[in-house]
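Visitor: Could you take me in for a close look at one part of this model? I'd like to see how the charged side chains pair up, and what goes on where the two chains meet.

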Amino acid sequence: MSDRPIAIRARFRGVPLALMAVLVGATAVTACSGQNSSQSSAHGTTAARGVLTIASGDATTTLDPGKAAIDASDAVYEELAYEPLINLTNGGQFLPGLATSWAYVGSGNKEFVMTIRSGAKFSDGTPVTAASVAASINYWRNANGPVVAYASAIKSVRATGPSTVEVDCAQSDPNLPIVFSRYIGAGNIISPAGLAHPSALQNRTFGAGPYMLTPSQTVTGSTYTYVPDPYFYDQSAIHWSKVVVKVISNDNAALSALQTGEVNVAQVGADTVAGAGSSLKLYTAPAQFEGLYLVNRDPGSPLANLQVRQALNYAVDREAIAKAIFGKFANPSDESAVPGWDGWDPSYMNYYAYNPGEAKKLLAEAGYAKGFTLTVDSLNQFEMSTVAQAIAGYLSKVGVTLDITATTTVGQYVTDALSKKYDVISMFYGGLPMYVQYQTIFAKNAGVFNPFATQSSLFDSLAAKAAALPGSQGVAGFQQLQQAVVNQAWNLGVLYADETWLTTSNISGFSVGPGNVNPDPGAIGPAS
Amino acid sequence: MLRVVVMRLLWSLPLLFIVSAVTFVLVSLTPGDPARTILGVNGTPQEYQALRAELGLNQPLWVQYGHWLARAAHGNLGTSLFNGEPVTTLLGTRLGVSLTLIGLSTALALLTGLIVGVASAVRVGVAARIVDVVAKLGLSVPNFIVGLVLVLVLAVKIRLFPAIGWVSISSSPWEWFRSLVLPVVTLALAGTTLIAQQTRDAMLDALDQPFIHVLDANGFSRRSIVYRHALRSAAIPVVSVTGVVFVGLLSGTVLVETVFALPGLGSYAVQVTEQHDIPVVEGIALYFTLVVIAVNLIVDLIYAWLNPRVRLS
């Protein structure tokens, strides 16, 4: 830099400083005066009677119940506006919704009859009838949605009277109550007006639930505002003048919003919970099991051998992995089931107690003393690839190498899984009935989680038998299926992890627990 | 000058075409598709194919692009693949939010950058060094970390501002302002640094010019020399870098919109690209391109106003 004439520059010293002082002062004045209005403004304490704000990590792709996903962050959009046939309470019980009673008829869980509530109306004032219920369920079955396979046993749904609906299944399906609850969503009944224009279902609601979407106060992908439905059959169950679902994809932002009261409910990761402080309430529920699907059981692959699969199960210290990755929010388990769901058997949690010596012995007996390499398709979400890497550490000690490809999108993860280029797929599976697990993991045509279409006639017969049994006999039957899965070391289950929710302390009625992983937004009310 | 404007506008047409075509190809190369977005990990291969057929995804890529282009040429940007809303409606509010955010941040960065830049140009010694260091810090700290810290201190610990959200100016101008303070300050930080550095260098050059000495010798006030004559002379590179800052903020808003849960175009672009909502992605690419073209045009016009020689060339 050249020499500056110092005299001239020095004379200008005072000028810009004065301007800076004014600017800073102006900002301070305007910022301070904001404090007084924070209590009564829209950004103030929204938990004051009137408005409930729920944070969702996902912007829903569509409001159409026929295409909605079922995890809590997606389901909340439909649950507020669509009343299901059968209510699933936060405690996991079934109570009347739009159906006042229901039962399997005969034996074998193939025929299911529901009685429809009289006097219920849709948000446009038209009555809920058996005919409109049947039409709505049939729409759902043909909508190509993500969980339509869970009701694949259904072969016909029809109104058999002004208020009775009969469901006939091609094979036994014991899960129809949950299929017609708010959890799976086939029972989220859509009005005839909505069915007449399915494209309108994508961005407006046509339900018979406690609230309805108001599009004028909704910004797609960001804020969804619901107002009370004047035709809902139980007006005393409506606790808010407005329910707002706010899309907040960042956990830190959700936590800040909870702490300022701008949001009342949010599901956050276990690591965010640590920063929550005592003013917020924490709720947890066992929600998903994680580990590895040992999918390449084709002849010639090491995983085709039972001893090899058992060896892998013995080689892993589940307790250490659960604690290291999830702290107190996970438990070690080798089951493909979660407490609160049928199929869960507490005595099988630690079937393969950590024993690397036994693992090496079994591998040697199977002819793999020198070890081998397995390719793994994993995903960088929900700690799936972290769990895979932790497992890899243990397996390497018994001579088995995991070559892990961690993808970043669900699309890539699924494409890779279906390509059959990977021996192993990272396992992450939510709380669901054992028969649904059978359909989506263990059956020959299960899809993504059984890409090599391995078939076990043992699992097929146990599942078919349990599906035809009523009530508690069915539960015992599905526990037998779980025991067989564990005996066969079909997969490498490592832990089940909790979902964690935080709420402000000025609301009540929120809960999650074993058997219910999606909190019912309609049950939330102001704290008394 | 008119010729320059017209030429710019004519060149924008092939630019829009190229951007939309490249965007189409890039999205198609990303793993997944709209059917997979809906199904997630569920769905048998048969169900997946049925959904693909329903969404019209089985047509060749160039056919899908052709349909989109034909409609876009008539001003119809189509509807979202998932929620059926017109792309223009979906993007309308968000464009307003983003432009407000970027516009106010650029204005704040310009104002603060000018003040800091001029101050450090006319000061010597320790003060100038301090300004230098603070300016470099502003560039190196990621803006979302600044945002998170600001939220923690000024929204959660001291309830001065809201932690998240956007309030439209029509429903409450005061809340609109309050909801914007933290995001705008966060975004303005890196831009302030760039503008301050550019201003300082340009001012130093300008103050060194012989005509400044002449004005001083003739008794012009220091305020007049600095702000009217030297600054105007230094303005052109500052205007340039301001334009660059504005355009840079188009993508720079993504993280800030996420931290503050603002319904802007940046975070929405990430969302719809992950979902493969192609008509909306194309719409956003077009809007961004048009904004860049407009900004460059405005910068050129300001040049012409500041420097009469440009007008005549």
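Guide: Here is a walk from the model's confidence to the place where the chains meet, and then to the salt bridges.

First, some ground rules: this is a predicted model, where local features need pLDDT of at least 70 and side-chain atom pairs count only at pLDDT 80 or more, while totals for chains, interfaces and linings use all residues. Residues are numbered from 1 along each chain as its sequence is written, chains are lettered from A and ligands numbered from 1 in the order in which they are written, and side-chain values use heavy atoms, leaving out hydrogens and water.

So how far can you trust what you see? pLDDT is the predictor's confidence in each residue, from 0 to 100. Chain A has a mean of 89, with 91% of its residues at 70 or more. Confidence in chain A is highest in strand β5 (residues 111-116), at 98, and lowest in helix α1 (residues 6-11), at a mean of 38. (Helices, H or I with at least four residues, and strands, E with at least two, are DSSP runs numbered from the N terminus.) Over residues 1-48 of chain A, pLDDT stays under 50, though the model has 83 contacts beyond four places in sequence for them; contact means heavy atoms within 4.5 Å. Where pLDDT is low, the predicted coordinates should not be read in detail.

Now to the meeting place. On chain A, 68 residues are in contact with 68 residues of chain B. The two chains bury about 5900 Å² between them, 62% of it on carbon and sulfur atoms; that is the accessible area (1.4 Å probe) that two parts lose on being put together, summed over both. The count of salt bridges between chain A and chain B is one, where a salt bridge is a side-chain nitrogen of Lys or Arg within 4 Å of a carboxyl oxygen of Asp or Glu. The partners are B:Glu54 and A:Lys67, with their closest N and O atoms 2.9 Å apart. Elements giving two or more residues to chain A's side include α1, α2 (14-33) and β10 (242-247). α2(A) gives the most, with 10 residues.

Let's zoom in on pairs inside chain A. Side chains of opposite charge can pair when their charged atoms come close. A:Arg182 and A:Glu79 meet in a salt bridge at 2.7 Å, N to O. This pair links distant parts of the chain, 103 residues apart: A:Arg182 is in the loop between α5 (176-179) and α6 (192-196), and A:Glu79 is in helix α3 (residues 72-79). A:Arg182 is buried, at 5% relative accessibility, and A:Glu79 is buried too, at 8%. (Buried means under 20% relative accessible area, exposed over 50%, partly exposed in between, with a 1.4 Å probe and protein chains only.)

Next come A:Arg158 and A:Glu166, whose side chains meet in a salt bridge at 3.1 Å, N to O. Here A:Arg158 is partly exposed, at 42%, whereas A:Glu166 is buried, at 14%.

Finally, look at helix α11 (residues 356-365) of chain A, where A:Glu358 and A:Lys361 sit three residues apart, about one turn of the helix. Their salt bridge has its closest N and O atoms 3.8 Å apart. A:Glu358 counts as partly exposed, at 24%, as does A:Lys361, at 45%. Along with A:Glu365, these two are linked in a network of salt bridges.
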